[in-house]
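Visitor: I have the sequence and the model open. Can you walk me through what stands out?
Guide: Gladly. Ask away once it is on screen.

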Amino acid sequence: MKEPGCVILGIETSCDDTAAAVVLDGRKILSNCVASQIEIHQRYGGVVPEIASRKHLENLPLVIEAALEQAEIRFDDLSAVAVTYGPGLVGALLVGVSTAKALAYACGIPLIGINHLEGHIYANFLINPQLTYPLIALVVSGGHTDLLYLSGPGSYRILGRTRDDAAGEAFDKVARVLGLGYPGGPQIEKLAVTGDPQAIPLPRARLSGNSLDFSFSGLKTAVLNFIQRQKREGINWNPADLAASFQAAIVEPLVDKTVKALHQEGVKTLILAGGVSANVWLREAFQNADLPLGTQVYYPPLELCTDNAAMIAAAGYYRYQRGEISSWNLNAVPNLSLTAK
Ligand code: KG4
Ligand code: ZN
């Protein structure tokens, strides 16, 4: 069926999820298909880049077909193709970028390259298209922990970021030590439910001055040291208490620095984005935080927090509206920055 309006096919292959989605006018999800590779990578305790690329090659045509079928549209109905071109694993990104280019060229429609982190941010606009600038975004994923000031569409200023591990990475590493499997965030969150977040004292990084940067690698080491000490001394410990204490030690600085940024910038709108924003403890911590009066906090529904292609199609819609089309030379950029022009 031909949909009136702007119909964008989004494609996402930056890490271990092969995703395609069709979104109408940047706000109506007609389909959102994800083929997860988690079971394959779980065996290795993390993503194996070479396997990820090969699986994307196998899965992407099927996922695109499923996305069009569920949306009840044909290639002819598409207005544009939006694709993640970075940051991410180069081989994995290349599969998405080459496929998107071929499709857009064959259909005679524009190609729109999207920064994966911008995609996470636009998952919020997909659900709340009325969002207005300026706003502050906390992007917390497996590869990034960035506190950003957005003065307008596509205009990013970095207020703070992690100096070492990303928040999601810390969740994954500690989950691995606890034998909880990959990805670690949801597993730690589940285990933490019955634990006491104050049971085990864990450090919060103290960065100099008024820095809005984060640091999580010391926390990971502290967890390792704690486990080794307990084992050495033959002391029993409760994994749920450790999970809850660790989760609290991740969430506390994320909330503190974000609240500081809101006060500092005089901004009243906060959006959370990325896989770690699925964490209920984090979401609740923001509800209970000492936010500036009148601050509104937004986060995507759980299924739009982790990697998906609807968020890429949504980000693509806004770029398309502004006439920001990519050239046929678009390439994968593994370390793509949000502030790159
Ligand atoms: O955004 P995402 O799906 O992929 C990247 O762009 O990295 O984020 C994945 C990360 C993983 O590190 C995963 O452990 C974490 O998000 N994550 C969570 C939760 N769900 C996913 N971390 C904490 N709590 C969760 N519920
Ligand atoms: Zn992501």
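**Backbone and binding site**

Guide: This is a predicted model. Start with the chain itself: proline 134 is placed in the loop between α4 and β6 (135-140).

Visitor: Is the peptide bond from tyrosine 133 to proline 134 cis or trans?
Guide: Look at omega for this bond. The angle is near 0°. The bond from tyrosine 133 to proline 134 is cis.

Visitor: Which loop holds proline 183?
Guide: Proline 183 is joined to tyrosine 182 by a cis peptide bond, with omega about -10°. Its place in the fold is the loop between α5 and α6.

Visitor: What is the phi of aspartate 25?
Guide: Find aspartate 25 in the loop between β2 (17-24) and β3 (28-36). The residue is not a glycine, yet its phi is positive. The value is about 50°.

Visitor: Now the ligand. How many residues surround ligand 1?
Guide: The closest are His120, Gly142, Asp172, Gly185 and Glu189. By class, the shell has 5 nonpolar, 12 polar and 3 charged residues. The number surrounding ligand 1 is 20.

Visitor: Which residue has a side-chain N or O atom 3.0 Å from a nitrogen atom of ligand 1?
Guide: Take the oxygen atoms of the ligand before the nitrogen. One ligand oxygen is 2.8 Å from a polar backbone atom of glycine 142. A ligand oxygen also lies 3.0 Å from a side-chain N or O atom of histidine 116. For the ligand nitrogen, the partner is asparagine 279.

Visitor: What share of ligand 1 does the protein bury?
Guide: Taken alone, ligand 1 exposes 550 Å². Of that area, the protein buries 89%.

Visitor: Which element gives the most to the shell around ligand 1?
Guide: Ligand 1 sits in the largest pocket. The elements giving two or more residues to its shell are α4 (116-127), α5 (167-177) and α6 (184-192). With 4 residues, the top contributor is α6.

Visitor: Why does ligand 1 lie between two domains, and which are they?
Guide: Check which domains give residues to the shell. Both do, so ligand 1 lies between them. They are domain 1 (7-122 + 305-321) and domain 2 (133-300).

Note on methods:
Residues numbered from 1 in each chain as written. Chains lettered and ligands numbered in written order. Predicted model: local features only at pLDDT ≥ 70, side-chain atom pairs only at ≥ 80, totals over all residues. Heavy atoms only, no water. Near = heavy atom within 4 Å. Polar contact = N/O pair within 3.5 Å; in protein donor to acceptor, adjacent residues only side chain to side chain. Areas by Shrake-Rupley, 256 points an atom, 1.4 Å probe, with all protein chains shown as cover. 1 Å grid on protein atoms, 1.4 Å probe; cavity = no way out; pocket = protein on both sides within 12 Å on 5 of 7 lines; lining within 4 Å. Sits in = over half its atoms within 2 Å of the grid points. Nonpolar A, V, L, I, M, F, W, Y, C, P; charged D, E, K, R; others polar. Domains from an automatic or database assignment.
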